[in-house]
Amino acid sequence: MSQKQALTELFTNTFSHQPTHFFQAPGRVNLIGEHTDYNDGFVLPCAIDYQAMIAVSPRDDQKVVVTAHSYDGQVSEFQLTLPIASSKDAFWSNYVRGVATVLLQRGMNLKGVNIAIIGNVPQGAGLSSSACLEVVTGLTLTRMAGLDVSLKELALIGQQAENEFVGCKCGIMDQMISACGKEGHAMLLDCRSLDTRLVSIPESAAVVIINSNVKRGLVGSEYNTRREQCEAAAQHFGVKALRDVTLAQLEAAKADLDDLTFRRARHVITENDRTEAAAEVLATGDLVTMGELMAQSHISMRDDFEITVPAIDGIVEIVRNVIGNEGGVRMTGGGFGGCVVALVPQEKVDAVKQAVEQHYPQCSNGLIADIYVCRASDGASQL
Ligand code: GLA
């Protein structure tokens with residue numbers, strides 16, 4: 001059964017009628033530019049062919065009634081005319097509640113709807129299962145109310161919901177790429193201006209994602225700590241964000257900064273430079289230089305930003321041994337587990353899979369990795 005058929009079945013079983021509309025928004029993988037988004041810097045993600053999908057029908061009242069396939073069809077509901085509380089027993093519904101809250105705060109007149117949700121983005125793997133749910137919810141609620149809100153604004157609304165309603169201080173990367181991704185392309189995003197530039201991914205390279213299946217236990221607290229450290233470093237220089245500090249300025253201030261702050265800032269500043277350079281070389285199909293930049297990015301995340309774990313470093317090593325300098329590999333996402341992304345020559349994809357299957361359990365206390373060979377995909381849409 002296709003994802004859409006399973007979604008339709010869930011919808012009709014729950015609401016006893018057919019849905020009138022379908023919407024989707026994809027997960028993402030970031031090729032390079034990690035922990036740069038909340039420093040007003042650059043990122044280079046692509047949307048992937050795994051997504052959250054919604055089936056919906058209008059209601060005659062002002063209620064939103066929502067059910068989710070991943071949570072055994074649990075049903076949760078709230079009123080658009082009353083303050084929307086967060087839910088403890090249906091935590092997943094907080095993404096829907098959060099987006100509805102932000103839309104209402106922005107003065108939009110929403111309409112009551114029945115919603116069923118399905119998704120195949122692995123949860124907790126750092127592939128933005130939350131962001132795509134926020135974006136598809138925003139698209140659904142606005143379109144069903146006849147509101148033509150831009151995809152960029154839907155991304156900002158999703159981020160605000162995550163920051164204020166769910167409580168994670170994430171940047172704008174995940175929602176922007178889920179909303180605005182383009183098939184066959186990565187997107188260079190300037191996280192200050194929100195300007196975007198599409199960069200085509202060479203057809204000779206497969207986007208391979210390797211999920212370490214390491215539980216990202218520390219991710220919330222460590223993520224927010226990294227953010228605070230970056231903000232402290234920016235404050236030292238009297239600028240709005242680390243985007244505004246050059247490597248030369250940082251080096252000159254080395255004696256005035258503690259070692260930890262220095263290394264955190266060095267990661268962000270050098271990662272911004274690498275990301276802009278990566279957009280240039282990827283566009284020309286130069287996978288060798290792209291691979292070097294991805295390797296440097298991984299080392300910087302490991303040694304300066306300290307967000308990798310041994311199992312992830314192990315996967316990077318295993319893949320690097322197979323692809324040599326013919327592609328790139330690095331950890332992707334927030335860190336402390338999650339996934340590795342690799343740009344792999346098509347003819348080496350099988351060898352990469354075999355090497356990971358064979359060697360990963362030895363460097364991960366027996367964990368098995370999941371491997372997804374992805375297509376860079378379009379962003380959010382009505383189906
Ligand atoms: C998470 C956040 C993003 C970004 C990345 C790290 O995915 O949601 O905003 O900060 O981590 O690059």
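**Exercise 1. Place Tyr223 and its ring partner.**

Start with the burial of Tyr223. Its relative accessible area is 13%, so Tyr223 is buried (buried means under 20% relative accessible area, exposed over 50%, partly exposed in between; 1.4 Å probe, protein chains only).

Note the basis of these values. This is a predicted model, in which local features need pLDDT of at least 70 and side-chain atom pairs count only at pLDDT 80 or more, while totals for chains, interfaces and linings use all residues. Residues are numbered from 1 along each chain as its sequence is written, and side-chain values use heavy atoms, with hydrogens and water left out.

Next, search for rings. The whole structure holds five aromatic pairs. Rings of Phe, Tyr and Trp (its six-membered ring) pair if their centres lie within 6.5 Å; planes under 30 degrees apart are stacked, over 60 edge-to-face, the rest tilted. One of the five is Tyr38 with Tyr223. This pair is edge-to-face, at 5.5 Å centre to centre and 70° between the planes.

Now locate both residues. Tyr38 sits in the loop between strand E1 (21-30) and strand E2 (42-43), and Tyr223 in helix H6 (residues 219-236), so the pair ties together parts 185 residues apart in sequence. Helices (H or I, at least four residues) and strands (E, at least two) are DSSP runs, numbered from the N terminus. Finish with Tyr38: at 8% relative accessibility, Tyr38 is buried.

**Exercise 2. Classify the pair of Tyr50 and Tyr372.**

Take the geometry. The ring centres of Tyr50 and Tyr372 are 5.4 Å apart and the planes stand at 70°, so the pair is edge-to-face. Then take the positions. Tyr50 belongs to strand E3 (residues 45-58) and Tyr372 to strand E12 (residues 370-374); the pair links distant parts of the chain, 322 residues apart. Last, burial: Tyr372 has 13% relative accessibility and counts as buried.

**Exercise 3. Describe the hairpin of E4 and E5.**

Find the strands. E4 (residues 63-68) and E5 (residues 74-79) pair in the antiparallel sense over six bridges (two strands pair if DSSP finds at least two bridges between them). Pick a cross-strand position: Val64 stands opposite Phe78 in E5. Check the turn. Five residues lie between the strands, and Asp72 takes a positive phi near 55°.

**Exercise 4. Find charges over rings.**

Apply the test: NZ of Lys or CZ of Arg within 6 Å of the ring centre and within 35 degrees of the ring normal. Lys4 lies over the face of Phe22, 4.6 Å from the ring centre. Arg226 lies over the face of Phe305, at 5.9 Å from the ring centre.
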